[in-house]
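Work through these exercises with the model open beside you. Try each task before reading its solution.

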Amino acid sequence: NFAFQSNSIVVNTLNTALNSFYNDYLYYTDDASVFRYLSADEKTVTSIDFFQYIADIRSKMILHTQSSPYLNSIYLYSFKNNYIISNSSGNPVDYFHDTAWLDHYNKTKKSYYISFKNICNEN
């Protein structure tokens, strides 16, 4: 009975976290700045005039990661302009430090991707 209750708590916690991630995903897909970013070409997205849209998106990402115990980073990639925006930077894909998730997408074609890292405290 104890094991069943413990497992139920873990499942509920995981479901809560996944629902939170999905709601964040929907939040970004319904954002006007994100829409402009996703539809911009390579020349437009790297122009000075476009900087404010990227800054707006990044500020929302920073707030999400700071206010969530589950999120460490958020990446937003546009296939049209090959540019990645994250809570820590914005760069063309060729200059971005972590593209393992893009390799995963190219294999699975799933646009919604969450990775979990094992975190433990060593004493």
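## Exercises on a predicted model

Of the chain's 123 residues, 28% count as buried. The model is predicted.

**Exercise 1. Lay out the fold of the chain, from the N terminus on.**

Step 1. Count the elements. The chain has 5 helices and 3 strands.

Step 2. Put them in order. From the N terminus on, they run α-α-α-α-β-β-β-α.

Step 3. Look at the contacts with a separation of 6 or more. Residues 24 or more positions apart account for 51% of them.

**Exercise 2. Describe the sheet: strand order, pairing and edges.**

Step 1. Find the order. The 3 strands make an open sheet, S1-S2-S3, with antiparallel pairing.

Step 2. Find the edges. S1 and S3 (90-92) are the edge strands, and each pairs on one side only.

Step 3. Check the angle. Neighbouring strands of this sheet are turned by 15° against each other on average, direction ignored.

Step 4. Zoom in on one pair. S1 and S2 are joined in the antiparallel sense over 4 bridges. Tyr 77 stands opposite Ile 84 in S2.

**Exercise 3. Which strands do helices H2 and H4 lie across?**

Step 1. Take H2, residues 32-39. This helix lies across S1 and S2 and runs at about 40° to S1.

Step 2. Take H4, residues 51-67. Helix H4 lies across S1, S2 and S3, at about 40° to S2.

**Exercise 4. Check the length of helix H1 and find what its buried residues pack against.**

Step 1. Compare the span with the expected value. H1 covers residues 2-29, which is 28 residues. From first C-alpha to last, H1 reaches 41 Å, close to the 40 Å expected at 1.5 Å a residue.

Step 2. List the buried residues. In H1 they are Ala 17, Phe 21, Asp 24 and Tyr 28.

Step 3. Name the partners. The buried residues of H1 pack against H2 and H4.

**Exercise 5. Show how the buried residues of helix H5 are arranged.**

Step 1. List them. In H5 (residues 100-108), Trp 101, Leu 102 and Tyr 105 are buried.

Step 2. Look down the axis of H5. The buried residues fall within an arc of 100°, so they line one face of the helix.

Step 3. Find the partners. The buried residues of H5 pack against strand S1 (75-78) and strand S2 (83-86).

Step 4. Look just past the helix. Lys 109 comes just after H5 and takes a positive phi of about 60°.

**Exercise 6. Is Lys 60 buried or exposed, and what does Lys 60 contact?**

Step 1. Place the residue. Lys 60 lies in helix H4.

Step 2. Apply the cut-off. Buried means under 20% relative accessible area. Lys 60 has 19%, so Lys 60 is buried.

Step 3. Find the polar partner. The side chain of Lys 60 makes a polar contact with the side chain of Asp 31, at 2.4 Å.

Step 4. Add the other contacts. Leaving aside neighbours within four places in sequence, Lys 60 is in contact with Tyr 27, Tyr 28 and Asp 31.

**Exercise 7. Do the same for Ser 78: place, burial and contacts.**

Step 1. Place the residue. Ser 78 is in strand S1.

Step 2. Read off the burial. The relative accessible area of Ser 78 is 2%, so Ser 78 is buried.

Step 3. Find the polar partner. The Ser 78 side chain makes a polar contact with the side chain of Asn 81, at 3.3 Å.

Step 4. Add the other contacts. Not counting residues up to four places away in sequence, Ser 78 touches Tyr 37, Leu 38 and Tyr 83.

Definitions and conventions:
Residues are numbered from 1 along each chain as its sequence is written. This is a predicted model: local features need pLDDT of at least 70, side-chain atom pairs count only at pLDDT 80 or more; totals for chains, interfaces and linings use all residues. Side-chain values use heavy atoms; hydrogens and water are left out. Buried means under 20% relative accessible area, exposed over 50%, partly exposed in between (1.4 Å probe, protein chains only). Helices (H or I, at least four residues) and strands (E, at least two) are DSSP runs, numbered from the N terminus. The arc is that of the directions from the helix axis to the C-beta atoms. Contact means heavy atoms within 4.5 Å. Two strands pair if DSSP finds at least two bridges between them. Axes are lines fitted to C-alpha atoms, for helices over the stretch in contact, and angles run from 0 to 180 degrees between N-to-C directions. The expected span of a helix is 1.5 Å times one less than its number of residues. A polar contact is a pair of N or O atoms within 3.5 Å; within protein, one must be able to donate a hydrogen and the other to accept it, and residues adjacent in sequence count only if both atoms are side-chain atoms.
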